[in-house]
Amino acid sequence: MKIAILGYGNIGSGVAEVLRRNHDYVAKKAGCEIQVKYVLDLREFPGDPLEDRVVHDIHAITEDPEVGIVVETMGGVHPAYEFVKECLEKGKSVSTSNKELVAEYGAQLMELAEQRGCNFMFEASVGGGIPIIRPLNQSVTSDEIYEITGILNGTTNYMLTQMAGNGATLEEVLKKAQELGYAERNPEADIQGKDACRKIAILSSLAFGAKVEAEDIHTEGITSISHTDMEYAAALGMAIKLFGTCRMDEGRRVFAMVCPVLVEKSHPLYHVDGVMNGILVRGEVMGDLMFYGAGAGKLPTASAVVADVIDEACNMDRSIMRRWTKEKLELEEFGACQNRFFVRMAGNTEENKKRAQQLFPVSRLVELPGRDEFGFLTEEMEEAAFDCRAREAGGIQNRIRLAK
């Protein structure tokens, strides 16, 4: 089986490395030898084992009938979308790690693959090396999923873990994450929650069978989290994590959000620390399923891409992905979502505590020694109601939702 790799950066070169290192094993699983015939990139790679296979024109790949599978690891939406679309139109299966592409055009590309009798697969687009797309597509289809919640970004999880353990500031742990290569020079997609948003949009679309638009998901990053918040979390015996969540309530309303949450020790995702990812899937019959592992990294992600390539090699001329429709899934207004909150309020006075208890359904007060502020936990209440009362209360320093 001849394949082509579009984009020879970190993940693309990792795919080539996995194919070299595991050559015999991959061939056994695929039922045939997998050979890289082309690498598409703007650059040259002198000294690389595939330097003689580098091309700069996509048509060298799309017009070659020998190429049956294409790996897309370019990143970004354009020109990745145009290249992938052309490959599928030629009947070539595609495996991608590109979460932006899948979140935006996944439904269209899967439909096109189905029409052409090939496959568009994207295991590596969410959770790096964690197998999550394949279980949702194949293993849990007999049950109705009502919630997917995950720690979907290793960079922010590393940063929050460091802040909790070392007493460091957000700025300090971001600098360290960049030095270690966990965070990009421009970390906006990570720390503002955009990366996690795209990933939960993909998982939600697959679970609920219709397109969840990333821009419709209520998204907050970790920039509001301070060392003081971490001290309160420790006093409560909880941890702060960035969760991406999509949940269907008893009235079959679907809510989606990305935001920092306080997590109790009994929660399945409490112990997911550092750069690791964890994904919790909840179904009516199966209960809770946990997926845990390396959410990023060259070889774990490349391994997931190669797993798709093997599946595609075993299923030539047959589409195996259960796709979601192009119709948009209308999310419920976020203001109607029910959550519990931890709130920090300025002015540690009896008057302010009394006022908080009058305005909010307070379940517990929390104080840190020597601070002219206090914290409290609320019972469950609507987001819109909380915002309204917070404006009336004044003096709110921060609020963090509690994980369910």
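In this predicted model, the contacts of S97, once its neighbours within four places in sequence are set aside, are made with I11, E72, T73, A124, S125, T301 and V305. S97 itself is found in the loop that runs between β5 (93-96) and α5, and, because its relative accessibility is 15% and the limit for burial is under 20%, S97 counts as buried. When S97 is set beside T161, the two residues prove to be 64 residues apart in sequence, and their C-alpha atoms are 26 Å apart in space.

The open spaces of the structure were examined next. The largest pocket encloses about 990 Å³ of space, and of the 36 residues that line this pocket, K99, E184, D195, A296 and G297 are the closest to its centre. At least two lining residues of the largest pocket are supplied by each of α1 (10-21), α5 (99-116), α7 (154-166), α9 (188-191), α10 (194-208) and β12 (276-283), with α10 giving the largest share, which amounts to three residues. Sorted by class, the lining of the largest pocket holds 18 polar residues, together with 11 nonpolar and seven charged ones.

The second largest pocket has a volume of about 230 Å³, and it is lined by 16 residues, of which A164, M230, M238, A239 and I240 are the closest to the centre. Here α7, α11 (227-236) and β10 (238-248) each contribute at least two residues to the lining, and the largest share, five residues, belongs to α11. The lining of the second largest pocket comprises 10 nonpolar residues, alongside three polar and three charged ones.

Cavities were considered separately from pockets. Across the whole structure, the search finds three cavities of 30 Å³ or more, and the largest cavity contains about 100 Å³ of space. Its lining consists of 14 residues, and those that lie nearest the centre of the largest cavity are F243, T245, R247, V261 and A403. Two or more residues of this lining come from each of the elements β7 (145-151), β10, β11 (254-264) and β20 (396-402), while a division by class gives six nonpolar, four polar and four charged residues for the largest cavity. The strand β10 thus appears in two of these descriptions, as a contributor to the lining of the second largest pocket and to that of the largest cavity.

Conventions
Residues are numbered from 1 along each chain as its sequence is written. This is a predicted model: local features need pLDDT of at least 70, side-chain atom pairs count only at pLDDT 80 or more; totals for chains, interfaces and linings use all residues. Side-chain values use heavy atoms; hydrogens and water are left out. On a 1 Å grid over the protein atoms alone, a cavity is a set of points where a 1.4 Å probe fits but cannot get out, and a pocket is an open set with protein on both sides within 12 Å along at least five of seven lines; lining residues have an atom within 4 Å of a point. Grid points are joined across faces, edges and corners, and a volume is the space filled by probe spheres set on the points. Helices (H or I, at least four residues) and strands (E, at least two) are DSSP runs, numbered from the N terminus. Ala, Val, Leu, Ile, Met, Phe, Trp, Tyr, Cys and Pro count as nonpolar, Asp, Glu, Lys and Arg as charged, and the others, Gly among them, as polar. Buried means under 20% relative accessible area, exposed over 50%, partly exposed in between (1.4 Å probe, protein chains only). Contact means heavy atoms within 4.5 Å.
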